[in-house]
Amino acid sequence: MLPFDVYPLWDVEPAYGEGCYLYDKNGVCYLDFYGGHAVISVGHTHPRYVQRIAEQLKRLAFYSNAVQNSLQKQLAERLGAASGYPHFSLFLCNSGAEANENAIKLASFDTKKKKVLAFGKAFHGRTSGAVAVTDNPKIIAPFNATPNVEFVPLNDVEAVEKNLQTGDFCAVIVEGIQGVGGILMPTDTFLQQLRALCDRYDVRLILDEIQSGYGRSGKFFAHQWSGIEPDIITTAKGMGNGFPIGGALISPRFKAVHSMLGTTFGGNHLACAAALAVLEIFEDEHILNNVADMGALLMSELQQLPGVKELRGRGLMIGMEMEKPMGELRSKLLFEHKIFTGAAGTHVIRLLPPLCVGKQQVSELMEALHEVTKRL
Ligand SMILES: Cc1ncc(COP(=O)(O)O)c(C=O)c1O
């Protein structure tokens, strides 16, 4: 048997990693400015992270959600405090799509309605409900296409109201910053207007912070720049620094009913240990401050780069829209300078480094970018 061939692959195989660097089996070093789809938060193989998971593995890797698991309670408490949502509750699952799936289900149970409003260029995952609210017809199978989802342009408040006033919607789902779409920002005013409209029409506001959350924007969640409080916040990626874990942070307005949500693996002992290690490192190493400092440095350096049409984003979630298609630039960065970056469409390079990135790595990237753009 072979792997089902659904991923276009670069011809590189990382064998081990440390901090912001990856190494192949011959010891060739790669600088990671992509974090494996924005997943690496505290750095590859952080010693504390490795130790916490290893210790837990020796004690107990898994038991089901039918027994007490105090690691889940510790994680909920620590995440509530770190994120500024101590009054919310936490439902744990295994991925971003699953977190969104559960958020939509919860909103629908709560309001007893079935339509969801989503936005142009949105990406919310590939499972049934998550893909239905994703604005990419190519990944929506006929089974997943549904009349229960409407899309409107991001930041178009009138279009939102026109839909919500029909009274058919259970939820609006929006990314804190659109990632896959090309680092596109909902404005702070738009998020405030969304909050107000959801209140007016009794619709639940879901903030998908799977890519933009966990410190990536310089605040714990990107929507916190706007000062609003959503009804549900979904998270994954940086939460486990590579260990699969996702979660929905749920406002006190929702009443939990036994069996309304559930999962076998969600919140297992190993995943909780990984997520707790991440939060401990966030605190000890002042990760949010580092994101703010390095994000500002990176943005100001990128402004000096020729050939850039627009720079977007916040903190260490940066989209660099190039005047020309960026494919050659990106592959020269990878194969000649050994630097991983991300892409969105044909013109946008996404920079999503580990949140512990430092000045040394920023200058390595900038040197490479200047060298390559000079030749193109
Ligand atoms: C904003 C957003 N939501 C949801 C997802 C889906 O997460 P997962 O791949 O863990 O299911 C992603 C993944 O890229 C994402 O960027």
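**View 1. Fifteen residues surround the ligand: the shell has 15 residues.** Of these, S95, G96, A97, G125 and Q211 come nearest. A residue is near a molecule if its C-beta atom, placed from the backbone, lies within 6 Å of it. This is a predicted model: local features need pLDDT of at least 70, side-chain atom pairs count only at pLDDT 80 or more, and totals for chains, interfaces and linings use all residues. Residues are numbered from 1 along each chain as its sequence is written. Helix α4 (residues 96-111) gives the largest share of the shell, 3 residues. Helices (H or I, at least four residues) and strands (E, at least two) are DSSP runs, numbered from the N terminus.

**View 2. Domain 1 touches domain 2.** Domain 1 covers 14-46 + 286-375 and domain 2 covers 47-284. These bounds come from an automatic or database domain assignment. Between the domains, 26 residues of domain 1 are in contact with 29 residues of domain 2. Contact means C-beta atoms, placed from the backbone, within 7 Å. On the domain 1 side, α9 gives the most, with 5 residues.

**View 3. An open sheet has 7 strands.** The order is β4-β10-β9-β8-β7-β5-β6, with mixed pairing. Two strands pair if DSSP finds at least two bridges between them. The edge strands, β4 (89-93) and β6 (149-152), each pair on one side only.

**View 4. Strand β5 meets β6.** Strand β5 (residues 115-119) runs parallel to β6, joined by 4 bridges. F119 has V152 of β6 as its bridge partner.

Conventions: Contact = placed C-beta atoms within 7 Å.
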